[in-house]
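Visitor: Could you take me through one part of this model in some detail? I'd like to look at charged side chains that pair up, and then at whatever else is worth a stop.

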Amino acid sequence: MHFSSLLSHTQFHFCFTFRIFNMVDSKQGLRKPVFTKVDQLRPGTSGHTITVKVVDTKMVMQRGRPDGPQSRQMRIAESFVGDETGVIILTARNDQVDLMKEGSTIILRNAKIDMFKGSMRLAVDKWGRIEVTEPATFTVKEDNNMSLIEYELVNVVVE
């Protein structure tokens with residue numbers, strides 16, 4: 001039995017029009033991303049959209065054979081990335097490692113801050129995206145390393 005045969009022509013037209021109207025409304029709900037600067041990053045935050053240049057990258061772990069199946073490999077690299085306000089370490093995983101070429105400009109979408117030994121690390125998980133983009137015109141401010149700031153979790157007891 002076809003969907004339209006369950007409804008009268010008027011009901012079907014109303015349902016179809018309502019669905020199209022809602023799809024148009026939901027597209028209007030999309031908003032432009034707000035870009036964050038490196039010096040604005042704070043522990044425990046997420047949802048960052050940020051444009052950075054890759055300053056340096058080093059592989060910290062590679063498991064599995066390079067000629068083996070892609071699904072069985074695990075690669076982790078730490079990339080030193082930054083903008084005109086500062087630098088931070090970005091932890092790149094698997095396919096993300098290939099995008100971390102020195103000098104390239106990347107846009108991180110839905111990035112988050114992970115804590116590692118009391119310092120901040122930028123990361124993009126499965127809910128985010130890394131895109132290589134046109135070269136940025138800014139000069140990276142390497143003397144403001146946000147990953148060198150140590151944070152300590154303090155429990156406050158309210159009496």
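Guide: Let's start with Asp98, which counts as partly exposed because its relative accessibility is 39%. Keep in mind that this is a predicted model. Asp98 forms a salt bridge with Arg75, and the closest N and O atoms of the two are 3.0 Å apart. Asp98 sits in the loop between strand 3 (86–93) and strand 4 (105–116), while Arg75 belongs to strand 2 (residues 74–83), so this pair ties together parts that are 23 residues apart in sequence. Arg75 has a relative accessible area of 11%, so Arg75 is buried; the cut-off for that label is under 20%. So here a partly exposed Asp98 pairs with a buried Arg75.

As background, side chains of opposite charge can pair when their charged atoms come close. A search of the whole structure turns up seven salt bridges, and a couple of others deserve a look.

Take Glu78 and Arg121: they form a salt bridge too, with 3.9 Å between the closest N and O atoms. That pair links distant parts of the chain, since Glu78 is in strand 2 and Arg121 in strand 5 (residues 119–123), 43 residues apart. For a salt bridge, the nitrogen has to be within 4 Å of the carboxyl oxygen, and 3.9 Å fits that limit. Glu78 counts as partly exposed because its relative accessibility is 23%. Arg121, on the other hand, has a relative accessible area of 11% and is therefore buried.

Next up is Arg109, which forms a salt bridge with Glu131; the closest N and O atoms there are 3.0 Å apart. Arg109 lies in strand 4 and Glu131 in strand 6, so the pair ties together parts that are 22 residues apart in sequence. There's a bit of a network here: salt bridges that share partners join Arg109, Arg129 and Glu131. As for cover, Arg109 is partly exposed, with a relative accessible area of 23%, and Glu131 is partly exposed as well, at 21%.

Now hop past strand 6 (129–133), to the segment after it. Asn145 lies in that segment, and with 16% relative accessibility Asn145 counts as buried. The side chain of Asn145 reaches the backbone nitrogen of Ser147 at 2.9 Å. Leaving out residues up to four places away in sequence, Asn145 touches Phe80, Val87 and Ile88.

Ile149 lies in the segment after strand 6 too. Ile149 counts as partly exposed because its relative accessibility is 35%. Together with Met115 and Tyr151, Ile149 makes a nonpolar surface patch of about 230 Å².

Zooming out to the protein chain, you'll find two helices and six strands, and reading along the sequence gives the pattern α-α-β-β-β-β-β-β. Of the 159 residues, 31% are buried. The protein chain exposes about 11,400 Å², and carbon and sulfur atoms supply 55% of that. Contacts reach a long way along the sequence: among those between residues at least 6 apart, 60% join residues at least 24 apart. The Glu78 and Arg121 salt bridge, whose partners are 43 residues apart, is a handy one to pull up in your viewer alongside that figure.

How values were computed:
Residues numbered from 1 in each chain as written. Predicted model: local features only at pLDDT ≥ 70, side-chain atom pairs only at ≥ 80, totals over all residues. Heavy atoms only, no water. Patch = residues over 30% accessible without salt bridge, like charges linked within 9 Å, V, L, I, M, F, W, Y side chains within 5 Å. Areas by Shrake-Rupley, 256 points an atom, 1.4 Å probe, with all protein chains shown as cover. Salt bridge = Lys/Arg side-chain N within 4 Å of Asp/Glu carboxyl O. Helix = DSSP H or I, 4+ residues; strand = E, 2+ residues; numbered from the N terminus. Buried < 20%, exposed > 50% of the residue type's maximum accessible area, 1.4 Å probe, protein only. Polar contact = N/O pair within 3.5 Å; in protein donor to acceptor, adjacent residues only side chain to side chain. Contact = heavy atoms within 4.5 Å.
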